[in-house]
Structure formats: C-alpha cells, structure tokens
Amino acid sequence: MSANDVKDPNRRDFLYIATGAMGAVGTAAVAWPFIDQMNPSAETRAAGLPVEIDVSSIEAGQSVTIMWRSKPYFIRRLTTKELSEVSKVSLNDLKDPQAADERIGGSEVKDLVIVASNCTHLGCIPKEIENGAEGWKCPCHGSVFDMTGRILRGPAATNLPVPPYVFATANKLIVGTTNPEDA
Amino acid sequence: MAHEQHGIYEPKNGFMQWIDVRLPLPRLVYDSFVAYPVPKNLNGWYTFGGILSIMLVVQIITGIVLAMHFAASTQLAFNSVETIMRDVNYGWLIRRIHANGASMFFVAVYIHMFRGMYYGSYKAPREILWILGVIIFLLMMAAAFMGYVLPWGQMSFWGATVITGFFSAIPLIGTGIQELLLGGYAVGNPTLNRFFSLHYLLPFMIAGVVVLHVWALHVTGQSNPTGVEVKNFRKETVPFTPYATLKDALAMVLFFIVFAWFVFYLPDYMGHPDNYIPADPLVTPAHIVPEWYFLPFYAILRAITFNIEIPFTGIVLIDSKLGGVIAMFGSIIVLFFLPWLDTSKVRSARYRPLFRQFFWIFAGVCVALGYLGSRPAEGIYTLLSQIFTAYYFGHFLIILPLLGWKEKPSAIPASIADAVLADKKA
Ligand code: HEM
Ligand code: FES
C-alpha cells in the first residue's frame with residue numbers, strides 16, 4: 001500500500017491498472033504473430049487459385065478427381081438411371097436435407113455432380129460403391145453418401161460440400177470460383 | 001509435512017561438503033532415491049512407474065539419434081526413414097527400438113493406470129498425483145500421434161487427416177482451427193514440419209510433468225496394495241535403496257526382454273503394413289486404423305453415429321460428428337474427475353468385493369472397445385461399440401458414485417503390518 005494509505009481510488013491505483021492493461025495488450029500483440037504464423041502461409045494461399053478442366057471426356061457413370069487447394073474433388077457424370085434414383089430419395093430420410101437437383105450442374109444437360117472428395121466426417125476419401133444404388137462409402141468410419149454426395153448414414157453429419165464452380169464454355173469447367181473471367 | 005526417512009545424507013568428503021552448501025543436488029537425490037521410505041508390501045504392479053521413466057529415456061535417446069537422419073519434408077521424409085532402415089549404421093535397430101518403444105511405453109502406462117484404479121491410488125490425498133498422471137497420458141498420446149505422422153506413409157497421412165479433422169467438428173470456428181493446426185487446407189508440408197518440431201518438444205514437456213508427478217508422490221508417500229496408510233514407519237517401510245531400486249531394476253530387465261523380443265523377432269507386429277506405402281492424398285487405405293493403443297478411443301469416436309436432437313422438434317443440438325469427438329475426449333477427461341466420482345472411503349479393491357467385480361468388467365469393456373476399434377464400422381460392430389461406450393461412461397458416472405454408499409466393504413486390516421502378518425499365516 002502507498003505510504004499515505006488513502007482508501008479511495010487514487011492516482012497510484014489508476015497507474016497500476018493502466019500499467020496492467022498496457023501489459024496485457026502488449027502481451028497479446030506479441031503473442032499474435034506467434035499464433036498467426038501457424039495459419040496457411042502466403043505461398044499456400046496462393047496455391048489455391050481456381051482450376052480448369054475439360055469435362056467433355058467424362059462419360060456417363062464415370063468420375064474423375066481433380067485437385068483444388070491441395071484437396072481432391074470428384075466430378076461425376078450421372079447416368080439417366082442414377083439421375084432418376086437420386087430424385088426419388090425422400091428429403092425426410094436425410095440428415096442434411098437438400099434436393100438432388102440443387103447439387104447437380106452442367107452447361108447444357110444437368111448431369112454433373114461436383115463435390116469435395118473429403119468425407120465431411122474427418123476427411124478420408126470415400127470410395128465409389130460398385131454397382132450399387134448408393135454413391136460413395138467412406139472407408140474410415142463407414143459414412144455412406146448418395147450419388148450427389150448427400151449423407152445417407154454414418155457418423156458424418158453434413159453432405160459433401162459443392163465447391164464454387166462455373167462453366168466458362170460448354171465443356172470448360174472452372175472449379176474454385178463462380179466468375180468465368182477468373183480462369 | 002516433514003518426513004521420516006531411512007538415514008540422513010552426510011557428505012563423504014570436503015568436495016561433497018563444498019557442493020552441499022552451494023547446490024545440494026546430491027542431498028536431494030539421496031533423500032528421494034536412497035533414504036526415501038517405501039511400504040514393505042508393494043507388489044510387482046508397482047514397478048511400472050520405474051519402467052515408464054526408463055522408457056521415456058529410451059524414446060528420447062533413440063529419437064534424438066533418428067532426428068539426425070530424418071528429413072521433415074513431404075518429398076524426403078519417407079525416403080529418409082527408408083535410408084535409416086537400410087543405410088544408416090544400425091539405423092534399423094534404432095528405429096525399431098523407437099517405434100516398438102512407443103508401443104511398450106503404452107503397455108506400461110496402461111498397466112500403471114489400471115493398477116491405480118484397482119488399488120484406489122487416486123484417492124485423497126493423491127488427487128493431484130493422479131491428475132498429473134492423466135496429463136502425462138494426454139501428452140504421450142499427442143507425442144505418439146505426431147511421431148506416427150513423421151514417416152509419411154499412408155497411415156501417417158490419413159491418421160493425421162482424421163485426427164486433425166476432430167477440430168473441424170467444433171461449430172463455427174472449427175475449420176479455422178483445423179487450418180491453423182495444419183498450416184494449409186489439407187495435411188501437407190507445413191503440417192509435417194510443425195509435427196516434427198512438436199514431436200521433438202513434447203517428450204521434454206513430459207519429462208517436466210514427470211518431475212512434478214514424482215514430487216507429488218514424495219509428498220504424499222506411496223500407497224500400497226492394502227490402501228492403508230503407513231502407521232509405523234520402522235515396521236512398515238524399507239529404504240528405497242536397495243529394496244525398491246533392485247526390485248524396479250529386475251522388473252525393467254524382464255520388461256526389456258519382452259521389448260527386445262518385439263524389436264528383434266516381431267518388429268512390425270504392432271505397426272501397420274500400409275505405412276510402408278508413401279502418403280497419397282488421393283487414396284485412403286481401404287481400412288484405416290490407428291495404432292493399437294488408440295483403438296478403444298477410436299471405437300468410442302465411431303460409436304456416435306446419430307444426431308442428438310431436442311425430442312419431437314428435429315432441432316439438432318449436437319450432430320453426430322461433434323458428438324463422436326465430444327465422447328472421445330470425454331472418455332479421457334472423465335479420468336480427471338475419478339478421485340471425486342469414486343465416493344467410497346475404502347481405497348483398495350482388496351476390501352471392496354463389488355467394486356472388484358466391476359473393475360474387471362470395466363477392464364474387459366476397455367479391451368472389447370479396443371477390439372471393436374480395429375473392426376470395420378458397420379452392423380453389429382457399431383451396435384456393440386455403442387453399448388460398450390455407454391458402459392464405459394456408466395462405470396465412471398453411475399456405478400462408481402453409487403457403489404460408494406451401496407457397497408459393504410470387507411474387514412480392513414488395522415495396519416500394513418497386520419495385513420502382512422495375516423497373509424503370512426494364510
Ligand atoms: C514420449 C516419447 C516418444 C514417443 C511416444 C515417440 C513416438 C514415436 C512414434 C510412434 C514414431 C513413429 C515410428 C514409426 O512408425 O516409424 C516416432 C518417430 C520418430 N520420432 Fe519419436 N517418440 C518419442 C520421443 C522422440 C524424441 C525425444 C525425438 C527426437 C528428439 C523423436 C524423434 C522421432 C523421429 C525423428 C521419428 C521419425 C523416424 C521414424 O519414423 O522412425 N521421438 N516417434
Ligand atoms: S472420415 Fe469418413 S466416416 Fe469418418
């Protein structure tokens with residue numbers, strides 16, 4: 001306590017609090033660079049530019065995998081049978097309800113599914129189910145997704161996300177942006 | 001609390017006297033590891049603390065040597081580990097000691113923890129001692145997980161993806177936290193580099209907490225299989241050296257025989273063949289499993305396949321993904337509260353007939369969860385995981401609190417000396 005022992009808040013108390021507050025702000029200011037250095041670096045962020053792909057060679061029932069931001073994305077052309085199957089799924093049966101046609105794109109015919117390949121549970125890559133009515137099954141903890149990447153069952157809680165994309169021309173798909181100028 | 005101890009340190013010569021009045025480190029060692037009294041009736045299960053200390057030293061020495069040859073880069077890591085295996089002199093030996101050493105470390109820590117649960121070692125006044133132990137366990141898990149990422153095989157990569165994926169379950173800020181941990185949008189070079197840095201650091205942090213753990217132990221004194229505190233120091237304790245020192249040394253030798261058997265005859269038994277395939281971000285192995293020591297927790301993670309909703313409204317409170325992550329972390333966090341969840345005044349399971357049965361059921365449930373964690377996540381395996389996960393939490397949150405006042409303990413000996421004499425007669 002100060003020598004003259006005043007009860008009311010005095011100049012000294014103010015100085016203590018002001019010093020403490022400045023100290024806290026200073027500590028936070030120094031801590032931030034040490035935390036932020038862990039975030040994706042400028043190099044990593046720059047590698048996240050949109051990617052371009054020609055979809056004319058993808059046959060119905062076939063899928064290809066592309067990389068954007070060092071993560072894989074599936075592009076799959078649905079067959080007419082698959083298209084009719086996914087539209088029959090009742091929204092009430094889905095954990096993360098979304099109509100199938102909101103998840104299907106294309107420039108002339110809407111038959112392309114473009115979704116992230118990393119399972120929305122913990123990030124493994126689901127495998128295509130051969131000859132099944134359902135689409136993908138994740139090997140890690142067993143989540144099952146339909147042909148459009150909607151979660152049907154298992155620990156994943158949300159559908160495979162649809163990345164931003166745009167068709168620059170009929171067959172030129174750009175993933176990573178919705179602006180056709182960005183290619 | 002001033003302690004009675006077996007003998008007092010006396011510096012043998014002028015030089016030791018000179019040291020003693022400046023930095024009495026020899027005195028500290030003498031008080032802690034020579035004259036320190038240990039209960040006479042400790043059995044073999046009490047040697048695992050010593051084994052754990054030596055295993056930490058083994059991991060640090062072999063790790064520092066591996067780090068001299070390892071290159072933390074996604075382009076080089078896999079091949080540098082192969083170079084260690086094929087070209088570095090005795091590299092195969094050192095790496096196998098380190099990789100199997102991690103497994104043996106967990107064998108020892110699980111025995112050590114179940115010992116604590118059986119004999120009620122976590123009860124007053126040893127709560128902090130127990131909590132420090134749980135902290136060491138968490139740090140060990142982090143160290144082992146990051147170490148497993150370093151060889152940059154398929155299991156390394158996908159293990160890292162799945163485990164850092166836990167953080168993306170946190171609502172709103174999850175993805176941001178995940179990217180902060182990874183240093184990118186997916187597991188990659190920045191991830192490998194920082195994991196190497198932290199993998200190097202963590203064992204030294206563990207060593208720091210071990211010092212606190214042993215300090216806390218030496219304040220409260222060691223418990224013993226009867227759970228009765230020492231009453232007569234002369235009759236019921238012996239000096240740490242030579243009695244505990246030699247017994248611990250014998251146990252270490254036996255443990256090292258098993259360890260060596262794995263290193264030389266079954267070096268890859270506890271590993272996974274997929275980790276000899278270089279990491280490929282495009283293909284997840286058909287069946288991904290963590291190292292055996294994480295399997296029970298992995299089973300708990302996968303058991304939550306359902307959303308938790310407000311009944312009849314369909315509003316999701318906790319989705320299945322967040323639920324799994326909460327359950328998994330919860331299964332370890334609950335250990336912190338064990339000293340207060342177990343309401344019984346009696347420490348040792350020896351005198352708790354009901355608890356003893358529940359202890360073994362619980363141990364069986366943990367093993368069963370471990371088995372389920374290694375199976376594919378489907379059908380009956382998922383159902384069983386859910387049942388055993390419920391039991392796991394039930395054990396801590398329902399059974400232990402209730403047992404404390406329901407159970408009628410059997411007659412507790414008045415002292416350690418009485419218990420030892422009774423054993424002799426029987
Ligand atoms: C708590 C102690 C430790 C544990 C539990 C541990 C665990 C592990 C594990 C499980 C691996 C993967 C082994 C494999 O599959 O190849 C590993 C690798 C590695 N560790 Fe450790 N470690 C510890 C201490 C250390 C220390 C102190 C260092 C360095 C100073 C170190 C350096 C390395 C290196 C360079 C590798 C990569 C080479 C390899 O994969 O064999 N470790 N560690
Ligand atoms: S990562 Fe796909 S189910 Fe867990």
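Helices (H or I, at least four residues) and strands (E, at least two) are DSSP runs, numbered from the N terminus. The model described here is predicted: local features need pLDDT of at least 70, side-chain atom pairs count only at pLDDT 80 or more, and totals for chains, interfaces and linings use all residues. Residues are numbered from 1 along each chain as its sequence is written, chains are lettered from A and ligands numbered from 1 in the order in which they are written, and side-chain values use heavy atoms, with hydrogens and water left out.

**Cavities and chain B**

Five helices of chain B each give at least two residues to the lining of the largest cavity: helix 3 (48-67), helix 4 (77-86), helix 5 (91-118), helix 6 (127-149) and helix 9 (189-220). Helix 5 of chain B makes the largest contribution to this lining, with nine residues. A cavity is here a set of points, on a 1 Å grid over the protein atoms alone, where a 1.4 Å probe fits but cannot get out; lining residues have an atom within 4 Å of a point. The structure holds three cavities of 30 Å³ or more, and the largest encloses about 910 Å³. It is lined by 44 residues, of which B:His98, B:Ala99, B:Gly147, B:Tyr148 and B:His199 are the closest to its centre. By class, the lining comprises 29 nonpolar, 10 polar and five charged residues. In this division Ala, Val, Leu, Ile, Met, Phe, Trp, Tyr, Cys and Pro count as nonpolar, Asp, Glu, Lys and Arg as charged, and the others, Gly among them, as polar.

Elsewhere in chain B, B:Leu402 lies in helix 16 (residues 379-406). This residue counts as partly exposed because its relative accessibility is 41%; the partly exposed class falls between buried, under 20% relative accessible area, and exposed, over 50% (1.4 Å probe, protein chains only). B:Leu402 and B:Asp342 are 60 residues apart in sequence, with their C-alpha atoms 8.4 Å apart in space.

**Chain A as a whole**

Chain A contains three helices and 11 strands, in the sequence order α-α-β-β-β-α-β-β-β-β-β-β-β-β. Its radius of gyration, taken over C-alpha atoms, is 26 Å, well over the 16 Å given for 183 residues by the globule rule, so chain A is more spread out than a compact globule. That rule is 2.2 Å times the number of residues to the power 0.38. The C-alpha trace of chain A spans about 90 × 40 × 25 Å along its principal axes. The domain assignment divides chain A into domain 1 (3-36) and domain 2 (45-182), and the C-alpha centres of these domains are 54 Å apart. Of the 183 residues in chain A, 39% are buried.

**Strand pairing**

Two strands pair if DSSP finds at least two bridges between them. The table lists three antiparallel pairs.

| Strands | Bridges | Opposed residues |
|---|---|---|
| Strand 2 (63-68) and strand 3 (71-77), chain A | six | A:Val64 and A:Ile75 |
| Strand 8 (144-145) and strand 9, chain A | two | A:Val144 and A:Arg153 |
| Strand 3 (308-310) and strand 4 (315-318), chain B | three | B:Glu309 and B:Val316 |

The hairpin of strands 2 and 3 of chain A has two residues between the strands, and A:Arg69 takes a positive phi near 55°. In chain B, strands 3 and 4 form a hairpin with four residues between them, and B:Phe312 in the turn has a positive phi of about 65°.

Chain A also has an open sheet of four strands in the order 6-7-8-9, with antiparallel pairing. Strand 6 (127-128) and strand 9 (151-153) of chain A are at the edges with a single partner strand each, so one side of each has no neighbour in the sheet.

How values were computed. On a 1 Å grid over the protein atoms alone, a cavity is a set of points where a 1.4 Å probe fits but cannot get out, and a pocket is an open set with protein on both sides within 12 Å along at least five of seven lines; lining residues have an atom within 4 Å of a point. Grid points are joined across faces, edges and corners, and a volume is the space filled by probe spheres set on the points. Domain bounds come from an automatic or database domain assignment.
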